[in-house]
Amino acid sequence: MSIAVGVVANVALWGTVASVAQGAYSASAQRGAGRDARRQGQENAQAILGMARRNNELTLTAAEFNADTTMMIAGANAGAIRRNAQRNAELLTMEYVEEIRRHVRGEKQLAGSIRSSAAATGFAVNKGTPLLFLSNELEEAATERNFIKDRGVMTVFNYLAQENDRANVIMLTGTLNAASIRFNAGIEAEIYLNEQTGAANATTSRGNSAARQLNAQSYGTILSTIGSAIDGYGEYKAS
């Protein structure tokens with residue numbers, strides 16, 4: 001009878017030892033799973049942030065390209081306006097030069113006509129009323145010629161100034177649009193990075209939380225195993 005009791009006691013003892021070993025193994029596995037959860041959370045967070053930074057890099061690169069393209073188009077348009085204005089100004093200048101030439105020719109014809117008319121009537125044009133009339137007509141013609149000249153100069157000047165202002169407005173618009181593209185892309189990238197940073201932090205937090213829970217479970221497993229071992233050891237002693 002004592003041999004049987006001893007066998008039973010030994011079985012109980014070895015069962016207790018096995019239970020302790022199994023509990024220790026389970027607790028170790030739970031702590032390992034906790035470490036894996038923490039590491040996985042950190043790796044996922046790093047992947048989220050890496051992808052966010054890459055996307056932001058692409059966003060900012062695309063914005064820079066679009067801004068540069070906007071400035072190139074504005075510069076090309078402004079340059080085309082200025083070149084076209086210069087050609088038109090040269091054409092206008094030629095037209096006014098020709099108008100003045102024709103006016104000078106008309107002045108000479110007028111003077112010749114006055115002299116011919118005076119000679120036909122027997123008056124000398126180098127004195128008296130005929131000379132005064134000739135002088136007045138030539139003075140009036142010279143005044144008109146100067147007006148044509150001044151009008152031509154001012155017309156060309158105003159035209160060039162107007163076209164230059166239009167080119168400047170195009171350049172300013174392009175500059176503002178390019179700045180807006182860069183600014184909006186920067187804000188968008190910052191908002192996106194903040195959102196993804198929050199997601200990464202949440203992922204890390206979930207991994208840490210899972211690790212804490214598994215560690216707590218491992219402590220519970222150890223305590224439960226120890227309690228069972230004590231009970232088993234008590235039964236073993238009692239036997």
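In this predicted model, the side chains of Arg166 and Glu163 meet in a salt bridge, with N and O 2.9 Å apart. Both residues sit in helix H2, and because they are 3 residues apart, about one helical turn separates them. Their surroundings are worth a look: Arg166 is partly exposed, with a relative accessible area of 43%, while Glu163 counts as buried because its relative accessibility is 9%, under the 20% cut-off. Elsewhere, salt bridges with shared partners tie Glu64, Asp68 and Arg182 into one network.

How many salt bridges does a search of the whole structure find? The search gives 7. Side chains of opposite charge can pair when their charged atoms come close. Here are three of the pairs, with the distance between their closest N and O atoms.

| Pair | Closest N to O distance |
|---|---|
| Arg166 and Glu163 | 2.9 Å |
| Arg101 and Glu98 | 2.7 Å |
| Glu57 and Arg54 | 3.4 Å |

Helix H1 holds the pair Arg101 and Glu98, which are 3 residues apart and so about one helical turn from each other. Arg101 is partly exposed at 43% relative accessible area, and Glu98 is partly exposed at 26%. Glu57 and Arg54 also both lie in helix H1, again 3 residues apart, or about one turn of the helix. For this pair, the relative accessible area is 45% for Glu57, which is partly exposed, and 42% for Arg54, likewise partly exposed.

Now for His103, which belongs to helix H1, the run from residue 2 to 121. Is His103 buried or exposed? His103 is buried, because its relative accessible area of 15% falls under the 20% cut-off. Leaving aside residues up to four places away in sequence, His103 touches Ala141, Glu144, Arg145 and Ile148.

On the surface, you can find a nonpolar patch formed by Phe183, Ile187 and Ile191, with about 290 Å² of accessible area together. Of these, Ile187 lies in helix H2, which spans residues 128-238, and counts as partly exposed at 34% relative accessibility.

Stepping back to the whole protein, the secondary structure comes to 2 helices and 0 strands. The protein has 239 residues, of which 22% count as buried. Its exposed area is about 15,900 Å², with 60% supplied by carbon and sulfur atoms. Among contacts between residues at least 6 apart in sequence, 91% join residues at least 24 apart.

Methods:
Residues numbered from 1 in each chain as written. Predicted model: local features only at pLDDT ≥ 70, side-chain atom pairs only at ≥ 80, totals over all residues. Heavy atoms only, no water. Helix = DSSP H or I, 4+ residues; strand = E, 2+ residues; numbered from the N terminus. Buried < 20%, exposed > 50% of the residue type's maximum accessible area, 1.4 Å probe, protein only. Contact = heavy atoms within 4.5 Å. Areas by Shrake-Rupley, 256 points an atom, 1.4 Å probe, with all protein chains shown as cover. Patch = residues over 30% accessible without salt bridge, like charges linked within 9 Å, V, L, I, M, F, W, Y side chains within 5 Å. Salt bridge = Lys/Arg side-chain N within 4 Å of Asp/Glu carboxyl O.
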